[in-house]
Amino acid sequence: MNQNADPAELGRFNALAHDWWAPDGPMGPLHAITPLRLDYIQATRPLKGLRVADIGCGGGIVAEAMCRAGAKVTAIDLSSELLGAAQLHAEDGGLDIDFRETSAEALAQAMPGRFDLVTCLEMLEHVPEPSSIVAACRTLVKPDGEVLFSTINRNPKAFALAIVGAEYLLRMLPRGTHQYEKLIRPAELATWSRDAGLAVQDMTGLVYNPITQVYRLHPTDVGVNYFMRTCPAA
């Protein structure tokens, strides 16, 4: 079965599995931004009691945060090593998360319309066909639910900050984590969302100050990292 995945990307992330949960390790920025990600996720309603699908969960950082906030989480990824690390860490923390090694498209076939919330964070820029992931997310969500995406813009500013700065100068992420041509402009993500039957409700930026080393949400600056909140169109 053909899967919407890049073997090179899976290999790169599999190699990071042992260090995924180290706050000062190669995935340190993901740990640093998770409180902000959780704030954005809960900006419209609390997670407690919601059924959530976390698409491209990696080592489970956000899945655990949502579970601790009271959500019932199904978290999927195609990286077997990362899922193993995610399962072990969740078990050590006494968390009940349904981790599955499957694709978004396969989960959408198996569980259409079953989730109050679908999150797909820092994942779309790593797959060959991101529009297919967006369509799968639409299939998974309930008619009154929400789908949240986060990714990186494609422009000179994003290239300078997210790739050259973060990966080569500051070494915040391993070199090669992102490829410029795979980054996604907000207009592209909005088009894929509309084509899938999702209405865009909000876009919010995530900005980083290299001097203070502090991240924060920004209501208008989507020049580099950004979130997009969508819901099923009427």
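Where is R171 found? R171 sits in the loop between α7 (156–169) and α8, and this briefing works outward from there to the sheet and its helices. Please keep in mind that the model is predicted. At its heart here is an open sheet of eight strands with mixed pairing, and two helix pairs, α2 with α3 and α6 with α8, are described alongside.

**Two loop residues with positive phi**

- As background, most residues other than glycine have a negative phi.
- R171 is not a glycine, yet its phi is positive, at about 55 degrees.
- With a relative accessible area of 63%, over the 50% cut-off, R171 is exposed.
- Q213 is another non-glycine residue with a positive phi, of about 60 degrees, and it lies in the loop between β6 and β7.
- Q213 counts as exposed because its relative accessibility is 58%.

**The sheet as a whole**

- Going across the sheet, the strands come in the order β3-β2-β1-β4-β5-β8-β6-β7.
- The edges are taken by β3 (98–101) and β7; each has a single partner strand, so one side of each is left without a neighbour in the sheet.
- On average, and with direction ignored, neighbouring strands of this sheet are turned by 20 degrees against each other.
- Helix α6 (residues 130–140) packs on this sheet, where it touches β1 (51–55), β4 (115–121), β5 (141–152), β6 and β8 (225–232).
- The direction of α6 makes about 150 degrees with that of β5.

**The β3 edge and T74**

- Strand β2 (residues 72–77) and β3 run parallel and are joined by four bridges.
- One residue to look at is T74, which is found in strand β2 and has D98 as its bridge partner in β3.
- Is T74 buried or exposed? T74 has a relative accessible area of 4%, which is under the 20% cut-off, so T74 is buried.
- Leaving aside neighbours within four places in sequence, T74 is in contact with V52, A53, D54, D98, R100 and F115.
- T74 and R51 are 23 residues apart along the chain, and their C-alpha atoms are separated by 7.9 Å.

**The β7 edge and its hairpin**

- Strand β6 (residues 198–209) pairs with strand β7 (residues 214–218) in the antiparallel sense, over five bridges.
- Together β6 and β7 form a hairpin with four residues between them, and Q213 belongs to the turn.
- Y208 has Y215 as its bridge partner in β7.
- β6 also runs antiparallel to β8, and eight bridges join these two strands.
- L206 links up both pairings: L206 stands opposite L217 in β7 and opposite N225 in β8.

**Helices α2 and α3**

- How do we describe two packed helices? The angle between their axes and the distance between the axes are used.
- Helix α2 (residues 28–41) and helix α3 (residues 61–68) have axes that come within 10 Å and cross at roughly 45 degrees.
- That angle makes α2 oblique to α3, and the crossing is right-handed.
- On the α2 side, L30, H31, T34, R37, L38 and I41 take part, meeting I61, V62, A65 and M66 in α3.
- The residues of this contact divide into seven nonpolar, two polar and one charged.

**Helices α6 and α8**

- The axes of α6 and helix α8 (residues 186–196) are 9 Å apart, and the two helices pack at an angle of about 45 degrees.
- α6 and α8 are therefore oblique to each other, and α6 passes α8 in a right-handed crossing.
- P130, S131, V134, A135 and R138 in α6 meet L189, W192, S193 and A196 in α8.
- Sorted by type, the contact of α6 with α8 has six nonpolar residues, two polar and one charged.
- A187 is another residue of helix α8, and A187 counts as exposed at 52% relative accessibility.
- From A187 to N225 the separation is 38 residues in sequence and 14 Å in space, C-alpha to C-alpha.

Notes. Residues are numbered from 1 along each chain as its sequence is written. This is a predicted model: local features need pLDDT of at least 70, side-chain atom pairs count only at pLDDT 80 or more; totals for chains, interfaces and linings use all residues. Side-chain values use heavy atoms; hydrogens and water are left out. Axes are lines fitted to C-alpha atoms, for helices over the stretch in contact, and angles run from 0 to 180 degrees between N-to-C directions. Angles under 35 degrees count as roughly parallel, over 145 as roughly antiparallel, 65 to 115 as roughly perpendicular and the rest as oblique. A crossing is left-handed if the near helix is turned anticlockwise from the far one by less than a right angle, and right-handed if clockwise. Contact means heavy atoms within 4.5 Å. Ala, Val, Leu, Ile, Met, Phe, Trp, Tyr, Cys and Pro count as nonpolar, Asp, Glu, Lys and Arg as charged, and the others, Gly among them, as polar. Two strands pair if DSSP finds at least two bridges between them. Buried means under 20% relative accessible area, exposed over 50%, partly exposed in between (1.4 Å probe, protein chains only).
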